Amino acid sequence: MGDMSAQSFNRPGAVDLSDLAARAQFSSAPASAAAGSPGPTGASWVALVDDEQGFNDYVQKSVQHPVLIEFTSAQAHSEAMDADLDRITNEAAGRWILVRVDADKAPQLAQALQIQALPTLLPIVGGQPISQPIQGTLAADQIRQLTDQVSQLAVANGIAGHAAPVSQAAVADTGEDAGPDPRTTAAEALIDQGRYDEAVAGYDELLAKTPADPVLTAGRARAALLSRLAGSNQEAVLAAADEAGSDVDAQLAAADVELIGGDPGSAFRRILAVIRTSRDEDREKARLRLLELFEMVGDDPTVASARRALAAALF
């Protein structure tokens with residue numbers, strides 16, 4: 001995004017989260033946990049920023065995943081809220097990034113965004129705020145309500161990526177590789193046996209217990225892709241798509257082939273073309289397939305550019 005200003009953060013139709021703001025209580029309760037403590041994997045999705053360039057860098061990432069900005073300072077007495085924010089953010093494991101700005105160290109930035117009280121939260125999706133600034137301290141349940149709403153809105157707008165950790169805490173070296181995620185062992189064994197539909201069902205059971213988990217979501221997407229391609233001739237699939245023209249199913253199948261062949265950029269462009277020229281159910285089918293492929297590819301430059309193109313196609 002360009003230079004920061006109050007005008008650059010005005011967007012008609014922003015989501016009304018004023019109920020949270022109205023319930024915020026200015027409190028100086030003691031912290032319940034150490035601020036910035038990493039999640040159970042040793043990773044952290046909490047960034048500390050005190051300059052405009054760093055702020056802009058994170059705002060630009062909001063085209064891939066939500067970014068929650070917190071303006072605070074030592075005088076804000078928000079230790080308990082900060083600890084809850086850190087814990088809830090790291091438990092989410094990349095569904096958003098929390099960017100904490102020390103207003104004392106970045107007064108020009110706080111002034112440009114017309115921050116009038118501390119702490120203040122500002123949720124950002126697609127480079128723009130999706131609500132008015134939320135002033136005052138929030139309890140843990142209010143933070144969860146806010147982040148759930150932000151995540152849901154981001155997905156509805158085609159922004160469903162997962163953020164890479166900002167930092168990784170040192171983990172004791174046991175001399176052994178941590179190995180695969182034990183939750184996925186059974187499903188991955190089914191994939192190895194070519195039982196792709198059963199693997200998809202296995203991942204669905206896991207996701208029912210841990211919705212939006214990035215590891216499980218990517219694993220399910222991979223199993224589903226292999227199921228769709230099972231028994232097909234990849235060259236024939238591409239040729240059929242060339243002949244079929246606007247047939248949505250043929251184009252989505254060809255995108256699967258391009259992705260598994262190591263060309264995600266072509267796969268994304270093919271589906272984006274379908275989204276631009278389709279309507280209603282076909283368009284939604286293509287959008288969901290594109291988001292599924294994003295999950296498989298993960299943190300890659302092709303995903304970031306395709307997300308921007310998707311946002312442009314939808315809006």
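1. Helix H3 is mostly covered, with 11 of its 14 residues buried. In this predicted model, the helix takes in residues 79-92 and runs 20 Å from its first C-alpha to its last, close to the 20 Å expected at 1.5 Å a residue. Its buried residues include Asp82, Asp84, Asp86, Thr89 and Asn90, and also Ala80, Met81, Leu85 and Ile88, so a reader who checks the covered positions of H3 should look at these side chains, because buried here means under 20% relative accessible area.

2. The residue that follows H3 is Ala93, and its phi is positive, near 55°. Ala93 lies in the loop between H3 and strand S4 (97-102), and it has this positive phi of about 55° although it is not a glycine. The residue counts as partly exposed because its relative accessible area is 25%. As background to this point, most residues other than glycine have a negative phi, and most peptide bonds are trans.

3. Gln114 belongs beside Ala93 in this discussion, since Gln114 also has a positive phi of about 55° although it is not a glycine. It is placed in the loop between H4 and S5, and at 52% relative accessibility Gln114 counts as exposed.

4. The loop that holds Gln114, between helix H4 (107-112) and strand S5 (120-125), is also where Pro119 is found. A cis peptide bond joins Leu118 to Pro119, with omega about 0°.

5. The count of aromatic pairs comes to 2. The rings of Phe55 and Phe71 have centres 6.2 Å apart and planes at 45°, so this pair is tilted. The pair links distant parts of the chain, with Phe55 in helix H2 (residues 52-60) and Phe71 in strand S3 (residues 67-72), 16 residues apart. Both Phe55 and Phe71 are buried.

6. Phe268 and Phe294 form an aromatic pair that is edge-to-face, at 5.0 Å centre to centre and with 80° between the planes. Here too the pair links distant parts of the chain, as Phe268 sits in helix H11 (residues 264-277) and Phe294 in helix H12 (residues 280-297), 26 residues apart. Phe268 is buried, with a relative accessible area of 1%, and Phe294, at 1% relative accessibility, counts as buried as well.

7. Both rings of that pair reappear in the largest nonpolar core, which has 35 residues and in which Phe268, Ile271, Ile275, Leu290, Leu293, Phe294 and Leu310 are those with the most contacts. At least two residues of this core come from each of helix H6 (185-192), helix H7 (196-209), helix H8 (214-229), helix H10 (248-260), H11, H12 and helix H13 (301-314). Apart from this core lies another, of 22 residues, among them Ala43, Phe55, Ala110 and Leu122.

8. What does Phe268 touch, leaving aside its neighbours within four places in sequence? Its contacts are Leu290, Leu293, Phe294, Val297, Thr302, Val303 and Ala306.

9. Helix H12, which carries Phe294, has 18 residues and reaches 26 Å from its first C-alpha to its last, close to the 26 Å expected at 1.5 Å a residue. Its buried residues include Leu290, Leu291, Leu293 and Phe294, together with the charged residues Arg287, Arg289, Glu292 and Glu295. H12 is followed by Gly298, whose phi is positive, near 75°.

10. H8 and H10 pack at an angle of about 115°, with their axes 10 Å apart, and H8 passes H10 in a left-handed crossing. On the H8 side, Leu225, Leu226, Arg228 and Leu229 meet Ala253, Asp256, Val257, Leu259 and Ile260 of H10.

11. Is Val166 buried or partly exposed? With a relative accessible area of 32%, Val166 is partly exposed, and its place is in the loop between helix H5 (140-156) and strand S8 (167-168). Leaving aside its neighbours within four places in sequence, Val166 is in contact with Ser44, Trp45, Val46, Ala47, Tyr58 and Ile97. The C-alpha atoms of Val166 and Val99 are separated by 9.9 Å, although these residues are 67 residues apart along the chain.

Definitions and conventions:
Residues numbered from 1 in each chain as written. Predicted model: local features only at pLDDT ≥ 70, side-chain atom pairs only at ≥ 80, totals over all residues. Heavy atoms only, no water. Helix = DSSP H or I, 4+ residues; strand = E, 2+ residues; numbered from the N terminus. Expected span 1.5 Å × (residues − 1). Buried < 20%, exposed > 50% of the residue type's maximum accessible area, 1.4 Å probe, protein only. Phe/Tyr/Trp six-rings, centres within 6.5 Å; stacked < 30°, edge-to-face > 60°. Core = buried A, V, L, I, M, F, W, Y, C linked by side-chain atoms within 4.5 Å. Contact = heavy atoms within 4.5 Å. Axes fitted to C-alpha atoms, helices over the stretch in contact; angles between N-to-C directions. Left-handed = near helix turned anticlockwise from the far one by under 90°.
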